[in-house]
Amino acid sequence: MFLDTRVLRHLTAEDWRVLTAVEMGSKNHELVPTPLIERIARLKGGASGVHKSIATLAKSGLIGRMKEAKYDGYRLTYGGLDYLALHTHSSKDVVYSVGSRVGVGKESDIMIVADKTGKQKILKIHRLGRISFRTVKSNRDYLRNRQGGSWMYLSRLAAMKEYAFMQALQEEGFPVPEPISQSRHTIVMSLVESLPLRQVSSVPDPASLYAELIDLILRLAKHGLIHGDFNEFNILIKEERTNKYTIEDGEEKETETVTLVPVIIDFPQMVSMDHVNAEMYFDRDVECIKRFFKKRFHFVPTQPGPFFKDAKKTVGKDGAKRLDATVEASGFTKKMLKELEKAIQEQQAKIDAGEAVEEEELDEDEDEEDDSGSDSDDEEDEEDQQEEEEHAVFEIPANVGRPLS
Ligand code: ADP
Ligand code: MG
């Protein structure tokens, strides 16, 4: 099931209050009892149409009912959480409209959004705990065994961590997108007009781009950090054009030089240089770049390394601020980092095992389901419905310009 931001415009203030009530209730209940939803919503607003709002929200797929449960209640869906986050971004005037989806990462959806002035930005929606439709079907234990609301919690942790690092890296002058806003499991950042390195077929000077990327790895290390997923998808290449005017034989001549500037993205898996497996992560990042440059540009560096033990000696040197410590100091506890790391590893293991399917395949599956399915209320349908809600994302026309409210 795919949601449409059009739903947002139909929601009344009361509906929003009830949706917020379900979110608040989710902190302590996987399934929020209906009387609790009523109580929280009434406390906040004193209105009486809670039931009507519950029906509207359930119909729009923003909350889901669980029939087989021991008591009557609802839980927030991915879609519901998406809308709450968008609502916050829009009330801060960060986002006015939502455009097309530019990418489906393994753990995220990437959308183009715009503010009121039409300025385009990137909305990254974290989807930790998203697993394939088929896998869920064949493994119902997943839904049963997971902790209450853990996907919500983990996706929010991923967004918080990514945002904190983006801010810290930007302050230290690293080439990263500008962090603009964070809410729940989402972040808004500047749009980098670029191509992922993955899509770059040739470069004029592979040696200098390679050196620049290795330098970034070493600069990160000096600040106590390892990217942890430093690959051709997470390095964006920006073209910077400069025009030089010279006089030749009395005539003005214009020459344009194009410089390739790498911008790094995707930080939820960043690790400290003090991590127990730091050396493995560091070497893997270096190897990733080496392998790609060899394969794509037939470039092999003459020097071996860089080596972890040398990088380790530079941590915090020359007054470099320890960004691993900064982020921990910002309220990210070791426990949270551990939980997030475990979830990211589990997700990666699923992908490696070929369990994850492309979102496009999911679309087809769900469409088929939609075509053939009737709205009968038996248990099997109810379960399918829940699974579909797990994958709810915005399905929005390609043109940016659909106002949120
Ligand atoms: P994931 O964690 O799912 O891998 P990423 O943050 O790496 O998500 O983003 C996935 C893709 O979306 C990137 O490879 C890139 O093509 C695009 N993208 C992400 N952020 C930006 C941005 N700020 N500007 C332009 N493109 C971006
Ligand atoms: Mg990525």
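A polar contact is a pair of N or O atoms within 3.5 Å; within protein, one must be able to donate a hydrogen and the other to accept it, and residues adjacent in sequence count only if both atoms are side-chain atoms. This is a predicted model, in which local features need pLDDT of at least 70 and side-chain atom pairs count only at pLDDT 80 or more, while totals for chains, interfaces and linings use all residues. Residues are numbered from 1 along each chain as its sequence is written, chains are lettered from A and ligands numbered from 1 in the order in which they are written, and side-chain values use heavy atoms, with hydrogens and water left out.

Select ligand 1 and V192 to begin: a nitrogen atom of the ligand is 2.9 Å from a backbone N or O atom of V192. Add K124, whose side chain has an N or O atom 2.7 Å from an oxygen atom of ligand 1, and then D266, where a polar side-chain atom lies 2.9 Å from an oxygen atom of the ligand.

Move next to the magnesium ion, ligand 2, whose protein donors (N, O and S atoms within 2.8 Å of the metal, or 3.2 Å for Na, K and Ca; water is not among the atoms, so sites may look incomplete) are N234 through OD1 and D266 through OD, lying 2.1 Å from it. Because N234 sits in the loop between β10 (225–226) and β11 (235–248) and D266 in the loop between β12 (251–264) and β13 (271–272), the pair ties together parts 32 residues apart in sequence; strands are DSSP runs of E, at least two residues long, numbered from the N terminus.

Definitions and conventions: Helix = DSSP H or I, 4+ residues; strand = E, 2+ residues; numbered from the N terminus.
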